[in-house]
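Student: I would like to go through the terms used for this structure and see what each of them rests on.
Tutor: Then here is the structure.

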Amino acid sequence: MAVGILDVDLCGPSIPRMLSVGKPEVHQCDLGWVPVYTDAQKSLALMSIGFLLEDPDEAVVWRGPKKTALIGQFVSDVAWGELDVLLVDTPPGTSDEHLAVLENLKKQHKVDGAILITTPQAVSTGDVRREITFCKKTGLRILGIVENMSGFVCPHCSECSNIFSKGGGEELAKLTGSVYLGSVPLDPLLTTSIEEGKDFIQTFPDSATFSAINSIAQTLLTSIQNP
Amino acid sequence: MADIPSDAPQHCPGTASEQAGKTSACQGCPNQNLCSSGATKAPDPAIEEIAEKMLTVKHKILVLSGKGGVGKSTFSAHLAHALASDATKEVALLDVDICGPSIPRIMGLEGEQVHQSGSGWSPVYVEDNLAVMSIGFLLSSPDDAVIWRGPKKNGMIKQFLRDVDWGELDYLIVDTPPGTSDEHLSIVQYLSSARIDGAVIITTPQEVSLQDVRKEIRFCQKVQLPIIGVVENMSGFVCPKCKNTSQIFPPTTGGAERMCEEMNLTLLGRVPLDPRIGKSCDEGKSFLTEVPDSPAAAAYHSIVQSIQAYCLSHVPREESAG
């Protein structure tokens, strides 16, 4: 399967580090900007402002219109090639980036829908309710809700602690009539992998966390293949 | 001229923007010539009006982070509670996270509304000496989304600073959304003739956070905003059963401590993960009152003391003379 990730978090682009692609250069070809591939098989293509910054600590201090313009270019000028799925990672909010990416994608593509991520506590679901309204107002289908950071199992004694409360994701799904895709626990092995840009799924295939993410992925694929 | 005139097209960059009159959206706008001539980039009179308003505010602190979800709003709220625990101090908390206003819930003020009076908008009071303002108080439903582009968000922030009747304050704390964009630029610009004491930067220990936080620090340096220091949040979790500590968000590159050493900043403190913090926030209560003996509460108090000490010791010469 050929997958692309478009990172439209211009102020805080995390995708390059998480996928361990270091500081590659973005080249142009006849069809536009060439995305950065994570492997020789080109199974995962990435585009992020992180690849365009000379200095990784450089702040992108842009107001909305400039962000909108770059996102428009990311959508129309990247030569993604044939992809089965394009994932778009967004910053928090319901503002320029979200409007820009949606408007530009809709010009030439069918947008299957949105996955909404929350953590269990009410302070989080309170904001995600507004994101749900954004989706409804912009005609964006909600593929489902994922509850992240859903409990922590102590590696020493296996006691489960609900550090960020419990159950909020499922309640939110019920309240808003959305699909509950599942929950992903807090896992230091996952956070360490992400830090080091390692492929968690290759390194820890037997973990409960992988099983949770995999199950969510399978449900999503079924959902987009059978709208 | 208004930042977004009523006859402006949909993607108007704002009359005060560097792009005013120059973007593709400006084609055909009746104000295009005026904007591109630079006439609309005269200093916004609101800046002086806000400076007037801020004369009665002794200390202004911004709470920033490059990264989302690190606990800015939680920290801002508890900083406000801690400062207001001294009944002789007047404290206010301004929430400029326009899209995701969490402060009303965290302060136990959900469902409250803002009132207008002759002297402007009245903030909502948690205690006699603790006032709060947020766009959350202007929304009628918890499902309402604020789907605004930058210029409209900037307009709201200007109103919050200019039109809220803050009164005499010892401390004004400003909670921000993650990033280095409209909200952050606007707050700094609109307060440019008033004096901001500095910014407190919140991070979590892992590099994925620090990477974004370094950008926030660069932003502060770019706009000449002093940095009071850095708080490392979610710094370790002590299992309530076996008491072993787990680094759920591991400091793989040395955490905030190393970043502060490298960037010559003060590490104000580390706050551990404690499920009771999230619970207090969800219930709109102060964690400092609910669980006063916890290690996290002790960490908060120490950090707040450092912030107060900074504010009191960094008074400009013209204010401290005579």
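Tutor: What follows is a set of questions about a predicted model, each settled by a value and a cut-off.

Student: Why is chain A called as compact as a globular protein of its length?
Tutor: Chain A contains eight helices and 11 strands. Its radius of gyration is 18 Å, and the globule rule gives 17 Å for 227 residues; the two are close, so chain A is as compact as a globular protein of that length. Along the principal axes, the C-alpha trace of chain A spans about 55 × 40 × 35 Å.

Student: What makes the radius of gyration of chain B agree with that of a compact globule?
Tutor: Chain B has 322 residues, for which a compact globule would have a radius of gyration near 20 Å; chain B has 20 Å, so the values agree. Chain B holds 12 helices and 12 strands, and its C-alpha atoms fill a box of roughly 70 × 50 × 45 Å along the principal axes.

Student: What percentage of the residues counts as buried in chain A, and what percentage in chain B?
Tutor: Buried residues are 50% of the 227 in chain A and 59% of the 322 in chain B. The cut-off for buried is under 20% relative accessible area.

Student: What share of the contacts joins residues 24 or more positions apart in chain A, and what share in chain B?
Tutor: Among contacts with a separation of 6 or more, such residues account for 71% in chain A and 73% in chain B.

Student: How much of the accessible surface belongs to carbon and sulfur atoms in chain A, and how much in chain B?
Tutor: For chain A the figure is 53% of about 10,700 Å². For chain B it is 48% of about 13,000 Å².

Student: How far apart are the centres of the positive and negative side chains in chain A?
Tutor: Chain A has 17 positive and 28 negative side chains, with the two centres 9 Å apart. In chain B the mean positions of 27 positive and 39 negative charges are 6 Å apart.

Student: How do you know how much area chain A and chain B bury between them?
Tutor: The size of an interface is often given as the accessible area lost when the parts come together. Here chain A and chain B bury about 4,900 Å² between them, with 56% of it on carbon and sulfur atoms. On the side of chain A, Arg63(A), Arg130(A) and Glu195(A) lose the most area to chain B, together 16% of what that side buries. In terms of contacts, 56 residues of chain A meet 60 residues of chain B.

Student: Why is Gln121(A) called buried?
Tutor: Its relative accessible area is 13%, and buried means under 20%, so Gln121(A) qualifies. Gln121(A) is in the loop between β7 (114–118) and α4 (122–137) of chain A. Leaving out residues up to four places away in sequence, Gln121(A) touches Phe164(A), Ser165(A) and Asp282(B).

Student: What makes Met18(A) partly exposed?
Tutor: Met18(A) has 24% relative accessibility; partly exposed lies between the 20% and 50% limits, so the term applies. Met18(A) belongs to helix α1 (residues 15–18) of chain A. Met18(A) and Ile194(A) are 176 residues apart in sequence, yet 4.9 Å apart in space, C-alpha to C-alpha. Apart from residues up to four places away in sequence, Met18(A) touches Ile194(A), Gly197(A) and Val208(B).

Student: Why is Lys110(A) called exposed?
Tutor: The relative accessible area of Lys110(A) is 61%, and exposed means over 50%, so Lys110(A) is exposed. Lys110(A) lies in the loop between α3 (96–108) and β7 of chain A.

Student: What is notable about the phi of Met149(A), and what about that of Lys243(B)?
Tutor: Most residues other than glycine have a negative phi. Phi of Met149(A) is near 55°, a positive value, and phi of Lys243(B) is near 65°, also positive. Met149(A) sits in the loop between β8 (142–147) and β9 (152–153) of chain A, and Lys243(B) in the loop between β10 (237–238) and β11 (245–246) of chain B.

Student: Is each of these two buried, partly exposed or exposed?
Tutor: Met149(A), at 25% relative accessible area, is partly exposed. Lys243(B), at 56%, is over the 50% limit and therefore exposed.

Notes: Residues numbered from 1 in each chain as written. Chains lettered and ligands numbered in written order. Predicted model: local features only at pLDDT ≥ 70, side-chain atom pairs only at ≥ 80, totals over all residues. Heavy atoms only, no water. Helix = DSSP H or I, 4+ residues; strand = E, 2+ residues; numbered from the N terminus. Rg over C-alpha atoms; globule rule 2.2 N^0.38 Å. Buried < 20%, exposed > 50% of the residue type's maximum accessible area, 1.4 Å probe, protein only. Contact = heavy atoms within 4.5 Å. Areas by Shrake-Rupley, 256 points an atom, 1.4 Å probe, with all protein chains shown as cover. Lys, Arg positive; Asp, Glu negative; His and termini not counted. Charge placed at Lys NZ, Arg CZ, Asp CG, Glu CD. Buried area = accessible area lost by both parts, 1.4 Å probe.
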